[in-house]
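Reader: I keep meeting labels like "salt bridge" and "buried" and I'd like to see where they come from. Can we go through some together?

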Amino acid sequence: MEKTAKLKINDSMYELPILEGTEGEIGVDISSLRAQSGVITLDKGFKNTGSTKSAITFLNGEEGILRYRGYSIEELSSKSSFLEVAFLLIYGELPTKEELSEFTNEISSHTLVHEDVKSILDGFPSRAHPMGVLSSLVSSLTAFYPKSLDPNRSVEEINGTIIRLIAKLPTLAAWSYKNRMRQPIMYPQNKLDYTSNFLHMMFGLPTSDSEVNPIIAKALDQLLILHADHEQNCSASTVRIVGSSHASLYASVSAGIAALWGPLHGGANQAVIEMLENIRNQGGDVSKFVEKAKDKSDPFRLMGFGHRVYKNFDPRAKIIKKAADDVLGQLGINDPVLDLAMKLEEVALKDEYFVQRGLYPNVDFYSGIIYRALGIPTDMFTVMFALGRLPGWIAQWKEMRENKEPIGRPRQIYTGHRNRGYIDISKR
Ligand code: CMC
């Protein structure tokens, strides 16, 4: 028998279906409520609203569980490669050896971008933030691949768009950095693996074959896996909602990059390092900053702390904290900012304010420390997050299209003026 919830509004009773997910998550389906009663629901920031049914990523914020297509983030980040995880997220299953080899080859053969992209890049001032450049360049791909504008084309054509995007994002990301540095762009070297190729385009020399440090490539690959998807977060929801108007994949992902940029979302990784450096420059007194974060009259927040969903711990942060320690050790780097981060974490986690609100270090708290050790400049940190999140955005977009989801269009409670007569300008 179908389970239902009963909702009483004034004197009328309404019955609404109850849905249950495969992990026992329960939701009340309110989609018929307005038709039945004329009433809508209000939930600012969608704190308690499911926007879709999804089979991609499961997370349980209370228990700190994160799984892509049923596989734990702990296993995937230690045993898999980023492209394997991308295949899993996008197509639903781990690839066989043959499938992975075909997927990798296809991606390797699409890494070049049209030469005219360089003239778009040249138009940006060097001070342009790489996230803004990246979002624009991804959107510009629609001009070079006009057929991609129609998301209703055949499965093969959509797949071609997906492959191109995965292949070209590292090239565009590295070029956005080169623009910043006013250095000549580097072309991809397709014999390199995905992550090494990106590092080559960032730091390689144009005159010789790149020698990418395998420790750095492996650490970055693991970071990309840890960022690959996170169910209906701000940028994934943006990608889905933009795509729901039948905008192209490139346009939808460009919007996702813009959503990720903000300091409350992916931009936090840049903000964390800037905060830690600021603490260090002011003498290293972490308690002062913990007090500042608690002060409601001060807009300052501890960046890299807190999460909408995780209220116990962020499983990605746990893995990254250990990786930061390992990578710095392997590279022989002693970064005082890592010690400061650990001190800050220790003080905050003992503080009643943070304990009561369930505020723990999130994925962005330690990732910046690894990026720094790998030689990635601070304003490229969020670009790294975007590279990692790409397969998630694609998987979310594809699922939304395949499930033929309707256009996203929330309602509102109007609080403005009621109908009033126009006042002539001479009387205002
Ligand atoms: N420092 C100080 N106080 C905080 C912080 C923080 N970092 N985060 C939350 N709070 C307080 C907040 O003031 C509120 O207190 P009160 O109940 O007294 O009003 C309470 O904790 C709940 O916070 P909220 O802002 O209502 O929670 P939210 O779910 O809307 O926001 C968040 C989640 C991640 C935006 C927020 O915790 C935050 O701003 N953190 C800092 C930015 C950050 O690290 N973002 C990266 C998120 S993880 C990467 C990603 O996937 O995007």
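Author: Sure, starting with a definition: a salt bridge is a side-chain nitrogen of Lys or Arg within 4 Å of a carboxyl oxygen of Asp or Glu. This is a predicted model, where local features need pLDDT of at least 70 and side-chain atom pairs count only at pLDDT 80 or more, while totals for chains, interfaces and linings use all residues. Residues are numbered from 1 along each chain as its sequence is written, and side-chain values use heavy atoms, leaving out hydrogens and water.

Reader: What makes Lys-350 and Glu-346 a salt bridge?

Author: Their side chains meet at 3.3 Å, N to O, and the limit is 4 Å, so the pair qualifies. They sit four residues apart in helix α15, so about one helical turn separates them. Helices here are DSSP runs (H or I, at least four residues) and strands are too (E, at least two), numbered from the N terminus.

Reader: Why is Lys-350 called exposed?

Author: Exposed means over 50% relative accessible area, buried under 20%, and partly exposed in between (1.4 Å probe, protein chains only). Lys-350 has 64%, so it counts as exposed. Glu-346, at 47%, is partly exposed.

Reader: How do you know that Arg-180 forms a salt bridge with Asp-379?

Author: Their closest N and O atoms are 2.3 Å apart, so the pair is within the cut-off. Arg-180 lies in helix α7 and Asp-379 in the loop between α17 and α18, so this pair ties together parts that are 199 residues apart in sequence.

Reader: And which of those words fits Asp-379, buried or exposed?

Author: Buried: Asp-379 has a relative accessible area of 12%, and that is under the 20% mark. Arg-180 counts as partly exposed, at 30%.

Reader: What makes Asp-351 and Lys-294 a salt bridge?

Author: The closest N and O atoms of this pair are 2.9 Å apart, so the rule is met again. Asp-351 is in the loop between α15 and α16, and Lys-294 is in helix α13, so they tie together parts that are 57 residues apart in sequence. Asp-351 counts as buried at 13%, whereas Lys-294 is partly exposed at 22%.

Reader: How many salt bridges does the structure hold?

Author: There are 18. Some join into a network, which links Arg-240, Glu-399 and Glu-405.

Reader: Last one: why is β4 said to pair with β5?

Author: Two strands pair if DSSP finds at least two bridges between them. Four bridges join β4 to β5, so they pass, and they run antiparallel.
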